[in-house]
Amino acid sequence: MSSAASLSGDRHHLHAQQQDPTKTKTIRQTYARRLRGAFGRINSTIRDAVIEEDIFGLRDDDLSDEQVEELLDTFASADRDVELRAVDEPPDLSTVLPSERIERFREWLQTAQESEVLEVIDRDENVWVRRAYERGLEDADTNLRQAGLDIESTDSKAARELVEMPVHERKLQVLFSRNYAELEGITNAVAQQVTRELADGIAAGENPTKMARRITDRVNKIGKTRATVLARTETINAHTQSTIERYRQQGINSVGLEPEVQVQTAGDQRVCDRCASVAQRGPWTLDEFEGSENQPPIHPQCRCAVIPIVNEAAAAALEAHPHEFVAMYRTGAFVDESRERYEALAATDVDGAQELVAHFSPTQAAA
Ligand SMILES: [Zn+2]
């Protein structure tokens with residue numbers, strides 16, 4: 001780290017872990033797979049009940065048992081997921097009034113979604129969100145070390161202890177309930193759409209196969225699809241939030257140098273224009289960045305990470321003159337790098353301010 005580094009120009013960039021800058025791919029995948037599996041089990045139950053058991057009484061009674069088996073096989077091979085039936089079967093509604101059939105089936109579906117889908121996570125615990133958050137703490141410290149800050153490294157065990165700090169625990173609780181509320185919203189949307197399809201299907205006098213297809217299609221398109229997006233997006237959200245909080249914590253408590261941040265994309269072909277352009281901008285202070293439209297997830301299924309940018313001159317100043325540096329830092333000297341700022345600082349009576357200003361002033365650096 002050279003003291004001759006220009007204050008306005010040179011910045012220390014990190015290019016670690018392109019492709020999966022948050023290192024949360026496995027977490028995103030298992031979270032999504034578990035949610036999809038839950039919807040899949042509901043679909044299996046629906047297929048059996050609607051086709052084999054004919055719970056809506058839609059069959060004209062001209063299908064043999066073998067034909068029914070054949071139909072079920074067609075369905076089974078069309079769906080690649082292994083879907084073990086786990087939920088209780090819906091009741092036989094063939095003798096119930098059509099208007100009531102729909103309501104009764106909706107009730108069953110809601111219960112099934114509660115016991116299968118919502119059971120995957122909890123209002124106040126979510127193993128994937130927690131893991132992503134812990135990974136964010138680890139990554140934040142790794143990134144800060146790579147940016148040249150003298151801090152201890154944090155392994156996964158240390159991260160598990162760190163999350164017990166109230167500031168992290170509070171953030172996690174908000175993330176848990178947010179995930180739960182969103183998943184609940186998805187199950188409500190599934191129930192609403194399935195109800196509509198059921199009404200349309202009954203009105204059209206459709207056969208059991210068509211009806212089953214109508215319903216399971218909604219569970220797939222609404223349930224599985226949105227749950228997958230939720231899992232991917234919220235994993236990134238947890239990672240981002242913990243990273244930002246850790247940068248703030250380490251900046252203030254450990255080194256007196258709060259890093260500015262930038263966005264790092266996955267750097268591959270799938271990166272969208274929006275994220276690519278955000279990654280070109282910044283760096284921002286943590287307060288500027290947090291909660292802004294530039295904070296990942298920038299859009300659903302975003303894969304971006306938040307990386308620290310440590311001003312080299314500032315880091316060198318910190319090393320050479322720790323006390324004076326903190327005083328300068330508090331005046332905003334290393335955030336707003338304007339000449340006015342330095343000149344104003346030189347006029348103050350902070351110990352060593354004159355020396356630091358002479359050493360790191362933009363005029364000096366440009367010379
Ligand atoms: Zn992104």
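What is the mean pLDDT of the chain, and what share of its residues reach 70 or more? In this predicted model, the mean pLDDT of the chain is 82, and 73% of its residues reach 70 or more.

**View 1. The two stretches where pLDDT stays under 50, residues 1-17 and residues 361-367.** Over residues 1-17 the pLDDT stays under 50, and the model has 34 contacts beyond four places in sequence for this stretch. Residues 361-367 likewise stay under 50 in pLDDT, and for them the model has eleven contacts beyond four places in sequence.

**View 2. Helix α1 packed with helix α4.** Helix α1, made of residues 25-52, packs with helix α4, made of residues 127-146, at an angle of about 170 degrees, and the axes of the two helices are 10 Å apart. Because angles over 145 degrees count as roughly antiparallel, this angle makes α1 roughly antiparallel to α4. On the side of α1 the contact involves Ile27, Thr30 and Tyr31, which meet Trp128, Arg131 and Ala132 in α4. Sorted by class, the contact of α1 with α4 has four nonpolar residues, one polar residue and one charged residue.

**View 3. Helix α1 packed with helix α3.** Helix α1 also packs with helix α3, which covers residues 98-116, at an angle of about 145 degrees, with the two axes 9 Å apart. The crossing that α1 and α3 make is right-handed. Here Ala38, Arg41, Ile42 and Thr45 in α1 meet Ala112, Gln113 and Glu116 in α3, and the contact of α1 with α3 has, by class, three nonpolar, two polar and two charged residues.

**View 4. Helix α4 packed with helix α6.** The angle at which α4 packs with helix α6, residues 166-203, is about 140 degrees, and their axes are 10 Å apart; α4 and α6 are therefore oblique to each other. Where α4 passes α6, the crossing is right-handed. Val129, Arg130 and Tyr133 in α4 meet Leu172, Leu175, Phe176 and Asn179 in α6, and the residues of this contact divide into five nonpolar, one polar and one charged.

**View 5. The span of helix α6 and the glycine that follows α6.** At 1.5 Å a residue, the 38 residues of α6 should span 56 Å, and this agrees with the end C-alpha atoms of the helix, which are 56 Å apart. After α6 comes Gly205, a residue whose phi is positive, near 65 degrees.

**View 6. Backbone details in three loops, at Asp54, Pro283 and Pro297.** Most residues other than glycine have a negative phi, and most peptide bonds are trans. Asp54, although it is not a glycine, has a positive phi of about 50 degrees, and this residue is found in the loop between α1 and α2, where α2 covers residues 65-78. The peptide bond from Gly282 to Pro283 is cis, with omega near 0 degrees, and Pro283 has its place in the loop between α8, residues 273-280, and α9, residues 286-289. Another cis peptide bond, with omega near 0 degrees, runs from Pro296 to Pro297, and Pro297 is found in the loop between α9 and the strand β3, residues 305-311.

Definitions and conventions: Residues numbered from 1 in each chain as written. Predicted model: local features only at pLDDT ≥ 70, side-chain atom pairs only at ≥ 80, totals over all residues. pLDDT = per-residue confidence, 0-100. Contact = placed C-beta atoms within 7 Å. Axes fitted to C-alpha atoms, helices over the stretch in contact; angles between N-to-C directions. Helix = DSSP H or I, 4+ residues; strand = E, 2+ residues; numbered from the N terminus. Parallel < 35°, antiparallel > 145°, perpendicular 65-115°, else oblique. Nonpolar A, V, L, I, M, F, W, Y, C, P; charged D, E, K, R; others polar. Left-handed = near helix turned anticlockwise from the far one by under 90°. Expected span 1.5 Å × (residues − 1).
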